[in-house]
Amino acid sequence: MPSAVELIRSASLSDVAEYAYAATAPAEARLIFLAGACPLDEDGATVAVGDVAGQAARAVANLRTALADAGATLHDVISTRVLVATHRQEDLVRAWEVVRDAFGTHDVPSTLMGVTVLGYHDQLVEIEAVAAVLDS
């Protein structure tokens, strides 16, 4: 099935960013707005306590599950916001590398942010996403 998402790379902006600067979807696409994917296990416990990369990996896995339940995959994502509870840039980069690698060549527009605190005990990472699909 063809993707509803078209990634737009700007020749007018720096190519140093590891993501497209914009994305579009046709008017007939069904948009899926996902809650922030958290690094929680099946019992609701925070996993990989103190490990930004481990929490990012679990958040990506949970994002994949939420997308599948909505009839989508990572390749249907049109934008993301990655939140990391830290004041250290290296923690942001570590989380971003996990997310970037999960998306591969589908380098959707994304915002990476350091925040003071997230909602669950010991939580360091959360990933918000919007997806677009063309239903048959």
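This passage walks through a predicted model of a single protein chain, from its overall architecture to a few individual residues.

The protein chain holds two helices and six strands. Read from the N terminus, these elements follow the order β-β-β-α-β-α-β-β. The radius of gyration is 15 Å, close to the 14 Å given by the globule rule for 136 residues, so the chain is as compact as a globular protein of that length. Along the principal axes, the C-alpha atoms occupy a box of roughly 40 × 35 × 20 Å. Buried residues make up 40% of the 136 in the chain. The exposed surface comes to about 7400 Å², of which carbon and sulfur atoms supply 53%. Contacts that are distant in sequence are well represented: among those between residues at least 6 apart, 74% join residues at least 24 apart.

Helix H1 offers a good place to look more closely. Spanning residues 52-69, H1 contains 18 residues, and its first and last C-alpha atoms are 26 Å apart, close to the 26 Å expected at 1.5 Å a residue. The buried residues of H1 are Val52, Gln55, Ala56, Ala59, Val60, Leu63 and Leu67. These residues lie on the same side of H1, because the arc they cover around the axis is only 140 degrees. Their packing partners are strand S3 (30-37), strand S4 (77-85), helix H2 (89-103) and strand S6 (125-133). Both ends of H1 have a feature to note. At the N-terminal end, Asp51 acts as a cap, with a side-chain oxygen 3.2 Å from the backbone nitrogen of Ala53. After the helix comes Gly71, which has a positive phi near 85 degrees.

Helix H2 contains Asp91, an acidic residue that may catch a chemist's eye. With a relative accessibility of 10%, Asp91 falls under the 20% cut-off and therefore counts as buried. The side chain of Asp91 makes a polar contact of 3.1 Å with that of Arg88, and another of 2.5 Å with the side chain of Arg94. Leaving aside residues up to four places away in sequence, Asp91 touches Val52, Val84 and Thr86. Of these, Val52 also appears among the buried residues of H1.

The loops bring some further residues into view. Ala27 sits between strand S2 (22-24) and S3. Its relative accessible area is 81%, so Ala27 is exposed. From Ala27 to Glu126 the C-alpha separation is 29 Å, and the two residues are 99 apart in sequence.

Two loop residues have a positive phi without being glycine. Ala48, with a phi of about 50 degrees, belongs to the loop between S3 and H1. Ala48 is partly exposed, at a relative accessible area of 28%. Asp122, with a phi of about 70 degrees, is placed in the loop between strand S5 (110-115) and S6. Asp122 is likewise partly exposed, its relative accessible area being 36%.

Methods:
Residues numbered from 1 in each chain as written. Predicted model: local features only at pLDDT ≥ 70, side-chain atom pairs only at ≥ 80, totals over all residues. Heavy atoms only, no water. Helix = DSSP H or I, 4+ residues; strand = E, 2+ residues; numbered from the N terminus. Expected span 1.5 Å × (residues − 1). Buried < 20%, exposed > 50% of the residue type's maximum accessible area, 1.4 Å probe, protein only. Arc of directions from axis to C-beta. Contact = heavy atoms within 4.5 Å. Polar contact = N/O pair within 3.5 Å; in protein donor to acceptor, adjacent residues only side chain to side chain. Rg over C-alpha atoms; globule rule 2.2 N^0.38 Å. Areas by Shrake-Rupley, 256 points an atom, 1.4 Å probe, with all protein chains shown as cover.
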